[in-house]
Each structure stands twice: as structure tokens, then as C-alpha cells.
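User: I would like a close look at one part of this protein, namely the side-chain pairings and the residues around them. Please work from the model shown here.

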Amino acid sequence: MYQREVAAVLKLVDIRKTFNPGTVNEKKAIEDARYVLPNACETQLVVTMNARSLFNFFSLRCCNRAQWEIREMAWQTLALCKQAAPSLFEHAGPACVSGACPEGKNTCGKAAEVREKAGNL
């Protein structure tokens with residue numbers, strides 16, 4: 001009956017464990033708390049994008065530094081696009097798939113893993 005509420009409280013406990021002020025984990029913990037606190041409810045969206053907008057969306061939102069929920073949706077959308085138009089979306093994905101990571105010193109350091117994931121879709 002209260003499964004969503006219990007899940008939200010457990011998520012907050014996880015966030016509190018990972019919170020380290022002044023670190024990269026601080027930003028992640030704050031983003032996750034923002035997700036869990038007042039708005040942790042399911043939302044139905046309809047989005048319309050052309051191919052150019054999809055490429056931009058994938059380059060930003062498939063990145064490991066994107067918020068986890070958006071990142072998962074972006075990877076699922078990329079998989080569907082690659083099925084529908086494989087030649088068009090062959091090189092689509094986060095920016096590090098087609099070149100160097102644009103995040104500079106804030107890179108996740110997993111470009112090889114990300115390239116492999118994008119290639120296996």
C-alpha cells in the first residue's frame with residue numbers, strides 16, 4: 001500500500017550515506033534528493049524531436065554525468081533510434097563516442113566502456 005513512500009525513504013537513506021560535502025558525490029546526492037523529496041512520482045511525457053535534436057539530446061543525456069533517470073531514458077531512446085534508422089544513428093551517443101570527452105577534468109574516465117555500450121546497442 002505504501003510501497004512508493006517506503007522506497008522514497010529508503011532512497012533518502014542511501015542519499016544520506018553518499019553525501020560528502022565538497023565532493024562530486026555531493027552534487028549527485030543533491031540531485032537524487034531533489035528527485036525523491038516532493039516530486040517522486042511517475043510522469044508521462046510526449047516529446048517530439050527531429051534527428052538533429054536527437055543527436056544533441058544523446059550527446060548530453062547519454063553521458064555518465066547526466067542525471068541517472070534521464071540517462072537511462074536517453075540510452076533506451078538511442079537503442080530504439082538505432083533499430084529504426086541504424087545508418088542514421090550509427091555514431092550517435094554521448095560526445096565521447098565520436099571524440100574526446102568534452103567534460104575536461106570532470107570526465108567520468110569511462111570513455112572506453114561508454115563507446116563499447118554504444119556500439120553494442
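Is Glu-103 buried, partly exposed or exposed, and what is its relative accessible area? Please start from that residue and then go through the charged and aromatic side chains.

Analyst: The model is a predicted one, and in it Glu-103 is partly exposed, with a relative accessible area of 31%. Its side chain meets that of Arg-65 in a salt bridge, with a distance of 3.3 Å from N to O. Arg-65 lies in the loop between helix H3 (51-61) and helix H4 (68-84), while Glu-103 belongs to the loop between helix H5 (95-98) and helix H6 (111-119), so the pair ties together parts that are 38 residues apart in sequence. Arg-65 likewise counts as partly exposed, at 32% relative accessibility. A search of the whole structure finds one salt bridge, and in general, side chains of opposite charge can pair when their charged atoms come close.

Arg-71, placed in helix H4, gives a contrasting case. Arg-71 is buried yet takes part in no salt bridge, and the nearest side chain of opposite charge, that of Glu-72, is 6.4 Å away. Because a salt bridge requires the nitrogen and the carboxyl oxygen to be within 4 Å, the distance of 6.4 Å to Glu-72 does not qualify. The side chain of Arg-71 does, however, reach the backbone oxygen of Ala-66 at 2.7 Å. When its neighbours within four places in sequence are left aside, Arg-71 is in contact with Arg-61, Cys-62, Cys-63, Asn-64, Arg-65 and Ala-66. Arg-65, the salt-bridge partner of Glu-103, is thus also one of the residues that Arg-71 contacts.

Another charged side chain is placed against a ring: the charged end of Lys-117 sits over the ring of Trp-75, 4.5 Å from its centre.

Turning to the aromatic side chains, the structure holds three aromatic pairs. In one of them, the rings of Phe-55 and Phe-89 have centres 5.3 Å apart and planes at 20 degrees, so this pair is stacked. The pair links distant parts of the chain, with Phe-55 in helix H3 and Phe-89 in the loop between H4 and H5, 34 residues apart. In space, the C-alpha atoms of Phe-89 and Phe-55 are 8.0 Å apart. The two partners are not equally covered, as Phe-55 is partly exposed with a relative accessible area of 31%, whereas Phe-89 counts as buried at 5% relative accessibility. A further pair, formed by Phe-57 and Phe-58, is tilted, with 5.8 Å from centre to centre and 55 degrees between the planes. Both Phe-57 and Phe-58 are buried. Taken together, ring pairs link Phe-55, Phe-57, Phe-58 and Phe-89 into a cluster. Apart from residues within four places in sequence, Phe-89 is in contact with Leu-54, Phe-55, Phe-58, Cys-81 and Lys-82.

Ala-95 offers a view of helix H5, in which it is found. At 25% relative accessibility, Ala-95 counts as partly exposed, and, not counting residues up to four places away in sequence, it touches Ser-59, Ala-100 and Pro-102. The C-alpha atoms of Ala-95 and Val-114 are separated by 9.9 Å, and the two residues are 19 apart along the chain.

These details belong to a protein with six helices and zero strands, which follows the pattern α-α-α-α-α-α when read along the sequence. Of its 121 residues, 21% are buried. Among contacts between residues at least 6 apart in sequence, 47% join residues at least 24 apart.

Notes. Residues numbered from 1 in each chain as written. Predicted model: local features only at pLDDT ≥ 70, side-chain atom pairs only at ≥ 80, totals over all residues. Heavy atoms only, no water. Helix = DSSP H or I, 4+ residues; strand = E, 2+ residues; numbered from the N terminus. Buried < 20%, exposed > 50% of the residue type's maximum accessible area, 1.4 Å probe, protein only. Phe/Tyr/Trp six-rings, centres within 6.5 Å; stacked < 30°, edge-to-face > 60°. Lys NZ or Arg CZ within 6 Å of the ring centre and 35° of its normal. Lys, Arg positive; Asp, Glu negative; His and termini not counted. Polar contact = N/O pair within 3.5 Å; in protein donor to acceptor, adjacent residues only side chain to side chain. Contact = heavy atoms within 4.5 Å.
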